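Here is a short briefing to read with the model open beside you. It goes topic by topic, so feel free to jump around.

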Amino acid sequence: MALPLNRKQPLTGPPVRYDAALERVEIELLLEGVFRRYGFDFRSYAYASIRRRLWKRIESEDLSSISDLQALVLHDPSAMERLLLDLSISVTAMFRDPGFYQVCRQTVVPLLRTYPFIRIWHAGCSTGEEVYSTAIMLEEEGLLERSRIYATDINDGVLQQARDGIFSLKRMQEYTENYIRAGGTRSFSEYYTAKYDGALFSPWLTRNVVFSQHNLVTDRSFSEFNVIFCRNVLIYFDRNLQNKVHSLFYESLVTFGILALGSKESLRSSQYEPCYEKLDARERLYRKVR
Ligand SMILES: C[S@@+](CC[C@H](N)C(=O)[O-])C[C@H]1O[C@@H](n2cnc3c(N)ncnc32)[C@H](O)[C@@H]1O
């Protein structure tokens, strides 16, 4: 049973005496309630990560238990918005893992040249840094003009930041280094202008980008793509959910379309693995072959 808490100490996770079995029941009920009330389905996200984030929100809201959080979130949509930000981890960077972009330039770009028109999906694009990075790479390879990029995320708040295209000026040095290591061929500063403490990226980079809310768990395929980028998203899902999303990706790729998962995720043990050939083992680039 969940015992009353002494709230003099700041709560940094579940209290020591919190009953683990009951905690799991409360978490499952909360996630079920969130799904039924708001349609956001976190029921199959990795348990340890969800649990940590729920306790972080409990502390921020000055509550004592998961059931308290459930009551708050179900009755107060603004509390749901705050919880959504916690649950959908939005950490990202421009030219994140620069080696990934180098391999894309060498392996993916030559394949894209063969298409008259290129359709790309960035699934789980967060605040858009990854989308601007791809747009810059395509621009430098002379392919941006004939590309259409669909950039989606479950979280409308991060998408608005992506549309605005303003990123922290403090991170520009790190991003410049990433850009160079990623094989950038121009001067990175050509792409943005400093504005107060932000770097405003040139709107022409996103002239062929559509930002839109899409939930990988509950929404369906909405087009056919030549490339799907989905990095640092599936790590938060359990095996069943990963398989569900792989089914969505498989349906959404043209034959010989490319699935770019990055070094932290893979198709290993997915039923779809035999449907793809590996283009790059380290960066987990796959091509749909059947
Ligand atoms: C860690 S960020 C990754 C951003 C970017 N892909 C990168 O690698 O830098 C994960 C993103 O996945 C999004 N996400 C989580 N669950 C999702 C879902 N069910 N459908 C769509 N996006 C989701 C989160 O909102 C978050 O913005």
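The notes below cover the helices near the start of the chain, one loop residue, and the salt bridges.

This is a predicted model, so the values here are computed from its atoms. Salt bridges get the most room, and the count comes to 19 of them.

**Helix H1 and its surface patch**

- Leucine 22 is found in helix H1, which covers residues 20–38.
- With a relative accessibility of 30%, leucine 22 counts as partly exposed, because that class runs between the buried limit of 20% and the exposed limit of 50%.
- Together with Val25 and Leu29, Leu22 makes a nonpolar surface patch of about 230 Å².
- In general, an α-helix has 3.6 residues a turn, so residues three or four places apart point the same way.

**Helix H2 and what covers it**

- Helix H2 takes in residues 47–60, and its 14 residues should span 20 Å at 1.5 Å a residue. The end C-alpha atoms of H2 are 20 Å apart, which agrees with that expectation.
- Which residues of H2 are buried? They are Ser49, Ile50, Arg53, Leu54, Trp55, Arg57 and Ile58.
- The cover over the buried residues of H2 includes H1, helix H3 (66–75) and helix H4 (77–87).
- Aspartate 62 follows H2 and has a positive phi, near 60 degrees.

**Aspartate 41, in the loop between H1 and H2**

- The loop between H1 and H2 holds aspartate 41.
- Is aspartate 41 buried or exposed? Its relative accessible area is 9%, and buried means under 20%, so aspartate 41 is buried.
- Side chain to side chain, aspartate 41 makes a polar contact with arginine 43 at 2.8 Å.
- Setting aside neighbours within four places in sequence, aspartate 41 is in contact with Phe35, Asn215, Val217 and Thr218.

**Salt bridges that involve helix H6**

- Side chains of opposite charge can pair when their charged atoms come close.
- Arginine 105 and glutamate 140 meet through their side chains in a salt bridge, at 2.8 Å from N to O. This pair links distant parts of the chain, with arginine 105 in helix H5 (residues 98–112) and glutamate 140 in helix H6 (residues 129–140), 35 residues apart.
- Both arginine 105 and glutamate 140 are buried.
- Glutamate 130 forms a salt bridge with arginine 231, and the closest N and O atoms are 3.1 Å apart. Because glutamate 130 lies in helix H6 and arginine 231 in the loop between strand E7 (225–229) and helix H9 (239–252), the pair ties together parts that are 101 residues apart in sequence.
- Glutamate 130 is buried, with a relative accessible area of 6%, and arginine 231 counts as buried at 4%.

**A salt bridge between two loops, and a network**

- The side chains of arginine 207 and glutamate 145 form a salt bridge at 2.6 Å, N to O. Arginine 207 lies in the loop between strand E5 (198–201) and strand E6 (209–213), and glutamate 145 in the loop between H6 and strand E2 (147–153), so the pair ties together parts 62 residues apart in sequence.
- How accessible are these two partners, arginine 207 and glutamate 145? Arginine 207 is partly exposed, with a relative accessible area of 39%, whereas glutamate 145 is exposed, at 57%.
- Lys56, Arg57, Glu61, Arg82 and Asp86 are joined into one network by salt bridges that share partners.

Notes
Residues are numbered from 1 along each chain as its sequence is written. This is a predicted model: local features need pLDDT of at least 70, side-chain atom pairs count only at pLDDT 80 or more; totals for chains, interfaces and linings use all residues. Side-chain values use heavy atoms; hydrogens and water are left out. Patches are made of residues with over 30% relative accessible area and no salt bridge: like charges are joined within 9 Å, nonpolar side chains (Val, Leu, Ile, Met, Phe, Trp, Tyr) within 5 Å. Accessible areas come from the Shrake-Rupley method with a 1.4 Å probe; for residues, only the protein chains shown count as cover. A salt bridge is a side-chain nitrogen of Lys or Arg within 4 Å of a carboxyl oxygen of Asp or Glu. Helices (H or I, at least four residues) and strands (E, at least two) are DSSP runs, numbered from the N terminus. Buried means under 20% relative accessible area, exposed over 50%, partly exposed in between (1.4 Å probe, protein chains only). The expected span of a helix is 1.5 Å times one less than its number of residues. Contact means heavy atoms within 4.5 Å. A polar contact is a pair of N or O atoms within 3.5 Å; within protein, one must be able to donate a hydrogen and the other to accept it, and residues adjacent in sequence count only if both atoms are side-chain atoms.
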